[in-house]
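Biologist: Could you walk me through this one? I'd like to hear how each label gets decided.

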Amino acid sequence: MSLKAIIFDVDGTLAETEKDGHRIAFNLAFQQADLPWQWGVNLYGELLEIGGGKERLRHYLNIYQPQFDLREDLDLFIRKIHQNKSCHYRQLLENNSIPLRVGVERFITEASNAGLKLAIASTASVENVKALLDNSLNGEMAKLFTVIVAGDMVKKKKPAPDIYQLALEKLNLSPEECIAIEDTNQGLIAATQAGLKTLITVNEYTKQQNFELASLVVNYLGEKNNPFTVIEGNNHNHDYFNLDLARKL
Ligand code: XBP
C-alpha cells in the first residue's frame with residue numbers, strides 16, 4: 001500500500017518544547033500562585049513519564065507534595081494552574097519562539113509538496129499545539145496540517161492508542177497508509193498499538209528509553225549537509241530522513 005500521510009507527535013518531536021517551554025511555564029504558574037515549587041530539568045525528566053500537563057501536575061501533587069494543604073477542590077486547582085501555565089507557555093512562544101528540530105521544516109515541505117497529508121497526534125492541549133504551529137514558519141505551519149488531534153479530544157492519552165486512532169479516522173486512512181514520527185516510548189507504544197510504523201527522533205530526555213518497537217531510531221530527521229545518526233534500525237543507505245526512506249520503513 002502506498003504512503004499517504006505522516007502523523008507527527010508535537011512536543012519533543014517538532015521542537016524541543018518540554019525543557020525550555022512547558023517546564024518553564026509550569027514554574028511561572030507556580031510562582032504566580034505563590035507556590036514554592038520549582039521543576040528542575042532532572043525532575044521534569046521524571047515527570048515526563050506522565051503525559052498531559054494536568055495529569056503531570058496531579059501526579060506531582062500525589063507523589064512529591066502529599067502533605068500539601070489544598071484549600072480548594074483538586075480538579076479546580078489543577079485546571080487553574082494549568083490554564084495559567086498555558087498562558088505562560090504561549091507567551092514564551094510568542095516572545096522567543098522555540099525553533100523546529102533539524103530537518104522538520106524540510107521534511108514537512110517535501111511531504112506536503114508530494115501531496116501527502118500531514119497530521120498531528122499530541123497529548124498536549126490543542127491550544128498549546130496550535131500555539132507552537134502559529135509561532136513557527138512565519139505563522140504558516142498550521143495550514144500544512146489537514147488533521148490536528150490533541151489533548152482531551154480522547155479519554156485515554158498516550159501510551160493508549162486512542163489519539164492515533166482518532167487521527168486515522170479523521171484522515172480516513174488505514175495505518176498501513178501512514179507512518180508516525182515520535183520521540184518517546186509512550187508515543188511509540190500508542191502509535192504501534194494503533195497499527196502504525198514509527199520513526200523515532202530521540203532527544204535528551206528520551207534517548208535512554210526502550211524503542212525496540214520502532215522501525216528506525218535516529219537522533220533527528222537531519223539534512224543533506226547535517227546527516228542523522230542512526231541509533232537502531234535500517235536506514236536503507238539514507239543520510240537524512242526523506243520521503244524515499246519513509247516509504248521504505
Ligand atoms: C507532550 C505532553 C504534554 C506537554 C504539556 O505531548 O505530554 O503534556 O508536556 O502540554 P506530545 P499540556 O509529546 O504528545 O505532543 O500542558 O498542554 O498538556
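Biologist: What makes Lys158 a polar contact of the ligand?

Modeller: Keep in mind that this is a predicted model. An N or O atom in the side chain of Lys158 is 3.0 Å from an oxygen atom of the ligand. The cut-off for a polar contact is within 3.5 Å, so this pair counts.

Biologist: And what makes Ala124 a polar contact of the ligand?

Modeller: Here a backbone N or O atom does the job: in Ala124 that atom lies 3.4 Å from a ligand oxygen. The limit is 3.5 Å, so the Ala124 pair counts too.

Biologist: What about His82, how far is its side chain from the ligand?

Modeller: An N or O atom in the His82 side chain is 2.7 Å from an oxygen atom of the ligand. That's within 3.5 Å, so you can call it a polar contact. As for the ligand itself, taken alone it exposes 450 Å², and the protein buries 95% of that.

Biologist: Why is His82 called buried?

Modeller: Its relative accessibility is 9%. Buried means under 20%, so His82 gets the label.

Biologist: Which residues is His82 in contact with, leaving aside neighbours within four places in sequence?

Modeller: Those are Phe26, Gly53, Lys54 and Ser125. His82 itself is found in helix H4, residues 74–95.

Biologist: Where does the ligand sit?

Modeller: In the largest pocket. Helix H1 (17–32), helix H3 (53–64) and H4 are the elements giving two or more residues to the shell around the ligand. Of the 18 residues around the ligand, those that come nearest are Gly53, Arg56, His82, Lys85 and Ser122.

How values were computed: Residues numbered from 1 in each chain as written. Predicted model: local features only at pLDDT ≥ 70, side-chain atom pairs only at ≥ 80, totals over all residues. Heavy atoms only, no water. Helix = DSSP H or I, 4+ residues; strand = E, 2+ residues; numbered from the N terminus. Buried < 20%, exposed > 50% of the residue type's maximum accessible area, 1.4 Å probe, protein only. Contact = heavy atoms within 4.5 Å. Near = heavy atom within 4 Å. Polar contact = N/O pair within 3.5 Å; in protein donor to acceptor, adjacent residues only side chain to side chain. Areas by Shrake-Rupley, 256 points an atom, 1.4 Å probe, with all protein chains shown as cover. 1 Å grid on protein atoms, 1.4 Å probe; cavity = no way out; pocket = protein on both sides within 12 Å on 5 of 7 lines; lining within 4 Å. Sits in = over half its atoms within 2 Å of the grid points.
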